[in-house]
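Open the model in your viewer and keep the selection panel handy. We will go from one selection to the next, with a short look at what each one holds.

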Amino acid sequence: MAIPTSHPIPLPSATERPVPPPQRSSAPAIRRSRWSQAKRSWRMHWQLYLLASVPMAYFVIFKYIPMSFLVIAFKQYNVVQGPWGSPWVGLQNFDQLFSNPVFGTLLKNTFILAFYLVLASFPVPIILALGLNEIRDSWFKRTVQMATYAPYFISTVVVVSMTILVLSPRVGVVNQGLGALGVAPINFLADPDFFRHIYVWTDVWQTAGYSAVIYLAALSGIDPALHESAKIDGASRLQRIRYVDLPGIMPTAVVMLVLGVGNMMAIGFEKAYLLQNDLNLAQSEIIPTYVYKTGLINADFSMATAVGLFNSVVNLCLLLAVNFVAKRVTGNGLWR
Amino acid sequence: MSATTTSTVPRLRRKRPAKVREPFHDRVFLVVVMIMLTVILALVLLPLINIVANSFSSASAVSAGRVGFWPVDFSLEAYKTALTNSQVLQGYYNSLIYAVLGTLISVTLTVAIAYPLSRKTFYGRNVLMTLLIFTMLFSGGLIPTYMVVHDIGILNTRWALLLPNAVGVWQVIIARTFFANSIPDELYEAGMLDGASELRVLRSVVLPLSKPLLAVLALMYTIYQWNTYFDALVYLKDPDLFPLQIVLRNMLILNTTRPSASNLAEQLHQQQLANVLKYALIVVSSLPVLLIYPFVARHFTKGVMVGAVKG
């Protein structure tokens, strides 16, 4: 989907106020209006405005025009009349969606999978980073860091293929191991009950090392004096982790969690679709894969857009809600 | 000889300070940490080793499930088959094109928006930045974007993979932060005094100072283009345009390799070969990225951290 965006770092200055013009009550002529500010900026930077117009055109065409096409969620879209000419049907698409028995399953599958993913992928990188932070710089430390980071660069298609091969009932190494213990081969991918575990833990496998890097950076930013004084006070390593390291990485952890929950509903189509098969569909059909099938395979554009819009709105609300709670509880959020 | 000299030369080296031994429970704790890290390392590496071991094994050993973490009946047949397969080669070629062109387009566009947004006197920068960040939080979604791609007539062309996701907002933030923090305002003033235009300042002053940034952006976009398959799945119908990832999906997950042999023994061998082929394909397709990865990792980390400083 989009280029990796889910990052733990506070978004910079989106809400920054423009520097107020110098106010001199005695000489109001010097105070500049917004209009004259704009004119001055244009005279100075007209080349930059031209330069920026190209990428802005990209954002308008590929991001904002699609948003306007969301109107077809409230219409009976047909190709001939286009998104604007098609007849309005009000909330009919949504009525149809909410009364569809599939909808409950879809929502449940998406929520459980997303929630499980957030829960599982939150603590593992923290534990990994704390562990790496404890041991001295050495061959071993560098190896662990390099090796755990590597899967992040492997494509989803390859990760899913590897999963299928490693878990295969005939040639897979996992079933070989189970066979040695006297367990009959298990066809993991054909069993809906295994789908979520496979999805979530392969994801942890792929991203834990990458996320750990972010926590390691936060850990290296902790004032060493804190550790020194804790040592003098006789704190054990475990106590120093508990009372120095954990509070030190708390802001980063909160932002990671907020982004995790906020992006819950934006859960990847790519992997779920690849791991899906007719046998595990009961748990592997989630909203994004349903949108793809309804929209592009069954060509029901209006219904697919309605489902997608529902998903986006839920996602946005979740993000804002979690951010609000995080700010209240810890004082750290995405925005100041 | 050497023994006598060393004994006569007075010891000049300073003694190391006596090492403070850590208390017993801390040493136990360290051992536990080491064991935990070793387990994590094994969990990460073993699947990868299994794949590589299988790819170097003979077709019959793989199909019988006899390969663990070391090749059985060493054989390069799978690699020969993989590297002579026309679909795979075409996919490789296409992916290279997408990676190179896509990166060029993406880096250019990212700099073109990030640089103006980094200038403090650029009127409207906050409004534009908010507009950009909003697209991170809310989007039209699959179908509306598909309709746009269809309407501007780039469906089923190479442009469909190069344009719709050309600029990442996160990358814009990284670039903007870099420009704002590492190019001092005095340079702009000096450029202006020398009569350079804005674009000239960008080209002759700012970009030469931003090589680390350009490297990070190029790496991020290249790896994105190499690894993505979603856009190709949605926008492309023509097999000649398929990137490597789609070819892999067809061969590895949908199992579409047709046996072409006539006699039974030959057919069995081909079926077995199709199994090893999968392992070899995984290695072959991930190799370019994993080879540059050790050099890239450090820059990647840097890139993540650059964005961390508020601009």
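Take the contacts within chain A of this predicted model. Of those between residues at least 6 apart in sequence, 66% join residues at least 24 apart. Now colour chain A by secondary structure: 15 helices and zero strands should appear. If you colour by burial instead, buried residues account for 38% of the 336 residues in chain A.

**Next selection: the domains of chain A**

Select residues 44–90 for domain 1, then 99–155 + 191–330 for domain 2, as the domain assignment of chain A gives them. Between the C-alpha centres of these two domains of chain A there are 32 Å. Where they touch, domain 1 of chain A supplies six residues and domain 2 of chain A supplies five. On the domain 1 side, the residues are four nonpolar, one polar and one charged.

**Next selection: the interface between the chains**

Show both chains and pick out the contact between them: it takes 91 residues from chain B and 87 from chain A. Which helix of chain B gives the most to the side that touches chain A? Select residues 24–55 of chain B, and you have helix α2, with 15 residues on that side. Coloured by class, the side of chain B that touches chain A shows 59 nonpolar, 26 polar and six charged residues.

**Next selection: a helix pair across the chains**

Keep both chains visible and select helix α1 (residues 34–68) of chain A together with helix α7 (residues 142–151) of chain B. Their axes come within 9 Å and cross at roughly 125 degrees. An angle from 65 to 115 degrees would count as roughly perpendicular and one over 145 as roughly antiparallel, so α1(A) is oblique to α7(B). The crossing of α1(A) and α7(B) is right-handed. Turn on side chains for A:I61, A:F62, A:I65 and A:P66, which meet B:P144, B:T145 and B:V148. By class, this contact of α1(A) with α7(B) has six nonpolar residues, one polar and no charged.

**Last selection: a helix pair within chain B**

Hide chain A and select helix α9 (residues 169–182) and helix α12 (residues 211–227) of chain B, which pack at about 175 degrees with their axes 10 Å apart. That angle makes α9(B) roughly antiparallel to α12(B). What does α9(B) bring to the contact with α12(B)? Look for B:Q171, B:A175 and B:F178, facing B:L213, B:L217 and B:M220 in α12(B). The contact of α9(B) with α12(B) counts five nonpolar residues, one polar and no charged.

Conventions. Residues are numbered from 1 along each chain as its sequence is written. Chains are lettered from A and ligands numbered from 1 in the order in which they are written. This is a predicted model: local features need pLDDT of at least 70, side-chain atom pairs count only at pLDDT 80 or more; totals for chains, interfaces and linings use all residues. Two residues are in contact if their C-beta atoms, placed from the backbone, lie within 7 Å. Helices (H or I, at least four residues) and strands (E, at least two) are DSSP runs, numbered from the N terminus. Ala, Val, Leu, Ile, Met, Phe, Trp, Tyr, Cys and Pro count as nonpolar, Asp, Glu, Lys and Arg as charged, and the others, Gly among them, as polar. A residue is buried if 20 or more other C-beta atoms lie within 10 Å of its own, exposed if 12 or fewer, and partly exposed in between; C-beta atoms are placed from the backbone. Domain bounds come from an automatic or database domain assignment. Axes are lines fitted to C-alpha atoms, for helices over the stretch in contact, and angles run from 0 to 180 degrees between N-to-C directions. Angles under 35 degrees count as roughly parallel, over 145 as roughly antiparallel, 65 to 115 as roughly perpendicular and the rest as oblique. A crossing is left-handed if the near helix is turned anticlockwise from the far one by less than a right angle, and right-handed if clockwise.
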